[in-house]
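Student: Please show me the structure. I would like to ask how its labels are earned.

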Amino acid sequence: THEQVLDNQVYMGCEFPCKSDYRSQILEYGRKVGDFLARSGVRDRFGVDFMCVPGPYGRWNIFAIEINLRITGTTHPWMTLK
């Protein structure tokens with residue numbers, strides 16, 4: 001998981017890894033999406049965009065806002081690090 005760097009909604013790059021405050025929760029949600037997609041017949045790469053909004057008591061409200069059934073802009077940096 002990573003943080004997208006945007007400039008006026010234009011993708012500029014990414015920072016690895018994402019904040020530890022919500023990293024484990026995003027990984028859990030991503031696995032659930034992946035399990036659902038696999039049960040539905042998807043057999044390739046996918047990406048999920050999450051929006052993390054500070055909530056009360058130091059918690060984060062996390063929203064899945066987009067599922068990309070394709071190679072995404074961060075696939076290549078991730079593969080390089082791998």
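Tutor: Ser24, Arg31, Lys32 and Arg39 are exposed and lie on the face of α1 turned away from its buried side. This is a predicted model: local features need pLDDT of at least 70, side-chain atom pairs count only at pLDDT 80 or more, and totals for chains, interfaces and linings use all residues. Residues are numbered from 1 along each chain as its sequence is written, and side-chain values use heavy atoms, leaving out hydrogens and water.

Student: What makes α1 a helix of the expected span?

Tutor: Helices are DSSP runs (H or I, at least four residues), strands likewise (E, at least two), numbered from the N terminus. The expected span is 1.5 Å times one less than the number of residues. For the 17 residues of α1 (residues 23-39), that gives 24 Å, and the end C-alpha atoms are 24 Å apart, so the two agree.

Student: Which residues of α1 are buried?

Tutor: Ile26, Gly30, Val33, Gly34 and Leu37. Buried means under 20% relative accessible area, exposed over 50%, partly exposed in between (1.4 Å probe, protein chains only).

Student: Why is cysteine 18 called buried?

Tutor: Its relative accessibility is 2%, so cysteine 18 counts as buried. Cysteine 14, at 22%, is partly exposed.

Student: How do you know that cysteine 18 has no bond to cysteine 52?

Tutor: A disulfide is a pair of cysteine sulfur atoms within 2.5 Å. The closest cysteine sulfur to that of cysteine 18 is in cysteine 52, 7.0 Å away, so it is too far for a bond. The whole structure has 0 disulfides.
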